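Here is a short briefing on the packing inside one protein model. Please look over the sequence and structure first.

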Amino acid sequence: MDTNLDKDAYRSMMLQDVKTYLESVGVPETGGDGWTDKDWATLGGISNTEAFNAVVDADWLFTALARQLKLRKALIQAPVLWELRKLNPRDFASDAAVMSGAAEDCSTGWGQIWAPVTIDARNYCMQQGIINGAPLTDADKRDVWNKLHDDQEYNVRSAAYLTVYNAHQLGIARPSLTTSLADTQALLARYNGTGDAAAQYGRELIGLYRVLENYNALSRGN
């Protein structure tokens with residue numbers, strides 16, 4: 001199973017490889033100006049380096065979740081790092097709309113997760129005996145959204161549970177220490193939904209997954 005990242009040995013090299021990969025798929029260090037960059041990446045958001053640092057600084061949490069769920073932590077790290085990097089003014093506006101009562105829900109927090117998706121994922125994991133708790137209902141939606149927005153740990157944990165639920169949705173084996181790259185890519189794609197955009201998401205994130213997994217593997221000694 002995964003261990004804590006050996007930050008002294010690998011952090012700087014890992015950052016450089018993450019930046020190089022992101023740039024290779026059209027995600028430069030600080031993004032576009034908001035007009036030529038179709039998803040407005042980092043306009044008012046954060047850089048590649050800042051997204052990386054946030055994920056690595058929370059390595060203890062990703063490692064604990066990977067060990068609890070017996071899966072590779074890069075499967076959780078990749079979408080969270082990507083979503084942090086892709087924060088943009090529309091995300092902030094959507095959050096503000098929910099907080100003001102003008103909207104009921106939006107994707108939010110580090111993993112950019114929707115409350116109903118979180119409810120489904122957490123309920124599934126409860127049913128499977130993976131986590132404990134009382135079943136969630138639609139009545140919990142606003143409370144769940146608030147936790148996703150305000151509580152970084154709750155958000156990242158929900159992203160991890162979502163990967164398990166995504167396997168159920170896809171009808172494939174639960175993610176494990178030996179999940180194939182093909183199934184890993186399918187899980188990463190399903191994190192973003194279905195259709196062409198989700199498939200593209202999977203193709204982009206599998207490369208990021210491989211960079212992160214390389215240094216996770218070095219840290220665990222295999």
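Leaving aside neighbours within four places in sequence, Val-18 is in contact (heavy atoms within 4.5 Å) with Phe-52, Leu-81, Leu-208, Val-211 and Leu-212. This is a predicted model: local features need pLDDT of at least 70, side-chain atom pairs count only at pLDDT 80 or more, and totals for chains, interfaces and linings use all residues. Residues are numbered from 1 along each chain as its sequence is written, and side-chain values use heavy atoms, with hydrogens and water left out.

**Core**
- The largest nonpolar core (buried Ala, Val, Leu, Ile, Met, Phe, Trp, Tyr and Cys residues joined through side-chain atoms within 4.5 Å) has 65 residues.
- Its largest share, nine residues, comes from α8.
- Val-18, Leu-81, Leu-84, Leu-208 and Leu-212 have the most contacts inside this core.

**Helix α4**
- Twelve of the twelve residues of α4 are buried (under 20% relative accessible area, 1.4 Å probe, protein chains only), so the helix is largely enclosed by the rest of the structure.
- They pack against α1, α2, α3, α8, α9 and α10.

**Aromatic pairs**
- Four aromatic pairs are counted (ring centres within 6.5 Å, using the six-membered ring of Trp; planes under 30 degrees apart are stacked, over 60 edge-to-face, the rest tilted).
- Trp-82 and Tyr-201 have ring centres 6.4 Å apart and planes at 75 degrees, so the pair is edge-to-face.
- This pair links helix α4 to helix α10, 119 residues apart.
- Both Trp-82 and Tyr-201 are buried.
- Trp-82, Tyr-191 and Tyr-201 form one aromatic cluster.

Notes. Buried < 20%, exposed > 50% of the residue type's maximum accessible area, 1.4 Å probe, protein only. Helix = DSSP H or I, 4+ residues; strand = E, 2+ residues; numbered from the N terminus.
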